[in-house]
Amino acid sequence: MEMEDPENHDRNKELADRLQRAAQELIEIESLLQSRHFDVRILCEFREVVDHVRLSAWAAQRSAELPEKSPDCEALFAVLTAERVSRATQLLKELNLDLDATMKRLGTEGMEKFYRSMEFLHARLNPLFRKQE
C-alpha cells in the first residue's frame, strides 16, 4: 500500500473542506433564490460561473481517472478549452453590453491590463484566421 505524501494529504484535506463549504453555501443560495427578489442579470452570471465550475470539476475528475498520455486525455483538454472559449465569448458579450450602457466604464480599474491581454490574445489568434493569399 502506497503512503500519501503529508503535503499532498494537507492539500487534499483543504480541498475537501473547501468543497464541503462551497456545497453548503450553494444550498443556502438555493434557499435564497426561492424568494425571487434578485437581479436577473446577476443570476444569469452566477449560473454561467456555476456551469464553468461544474465542467472544470468534471474535467479534473476525468483527468484523474485517465492515464496522462491517453488519447482520451487530449480529447478532455479539447473539451475544456472549448468551454473556456465559450465562457470568454460570453464574458466579452457582457462587457460589450456594460460598455454600451455607459462609456464611463472605460475608467474601470483593470481596463488597461484587460486591453493588453486582449491585444496579446489577438496576436496569438491572428495566424489562425489570416486569409491565405
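**Notes on a four-helix predicted model**

1. A good place to begin is R116, which is partly exposed at 44% relative accessibility (buried means under 20% relative accessible area, exposed over 50%, and partly exposed in between, with a 1.4 Å probe and protein chains only). Please keep in mind that this is a predicted model, where local features need pLDDT of at least 70 and side-chain atom pairs count only at pLDDT 80 or more, while totals for chains, interfaces and linings use all residues. Residues are numbered from 1 along each chain as its sequence is written, and side-chain values use heavy atoms, with hydrogens and water left out.

2. R116 has a partner in E119: the two form a salt bridge whose closest N and O atoms are 3.1 Å apart (a side-chain nitrogen of Lys or Arg within 4 Å of a carboxyl oxygen of Asp or Glu). Because E119 and R116 are three residues apart in helix α4, about one helical turn separates them. E119 is partly exposed, with a relative accessible area of 38%. E112 joins in as well, since a network of salt bridges links E112, R116 and E119.

3. Stepping back to the whole fold, the protein has four helices and zero strands (DSSP runs numbered from the N terminus, helices being H or I with at least four residues and strands E with at least two). Read from the N terminus, the elements are α-α-α-α. Of the 133 residues in the protein, 10% are buried.

4. Now for a pair that deserves your attention. E48 sits in helix α2, which covers residues 40-65, and R87 sits in helix α3, which covers residues 71-101. Their side chains meet in a salt bridge of 2.9 Å, N to O. With E48 in helix α2 and R87 in helix α3, the pair therefore ties together parts that are 39 residues apart in sequence.

5. Is this pair buried or exposed? Both E48 and R87 are buried. The relative accessible area is 16% for E48 and 14% for R87.

6. What else surrounds the pair once neighbours within four places in sequence are set aside? E48 is in contact with R87, Q90 and E94 (contact means heavy atoms within 4.5 Å). R87, for its part, is in contact with E45, E48, V49 and H52. Across the protein, among contacts with a separation of 6 or more, 39% join residues 24 or more positions apart.

7. E45, one of the residues that R87 is in contact with, also has a salt bridge of its own. The side chains of E45 and R41 meet at 3.8 Å, N to O. These residues are four apart in helix α2, so about one helical turn lies between them. E45 is partly exposed at 30% relative accessibility, and R41 is partly exposed at 37%.

8. To round off the pairing theme, side chains of opposite charge can pair when their charged atoms come close. The structure holds five salt bridges, among them E48 with R87, E45 with R41 and E119 with R116.

9. Finally, do have a look at F129 in helix α4, which spans residues 111-129. F129 is exposed, with a relative accessible area of 66%.
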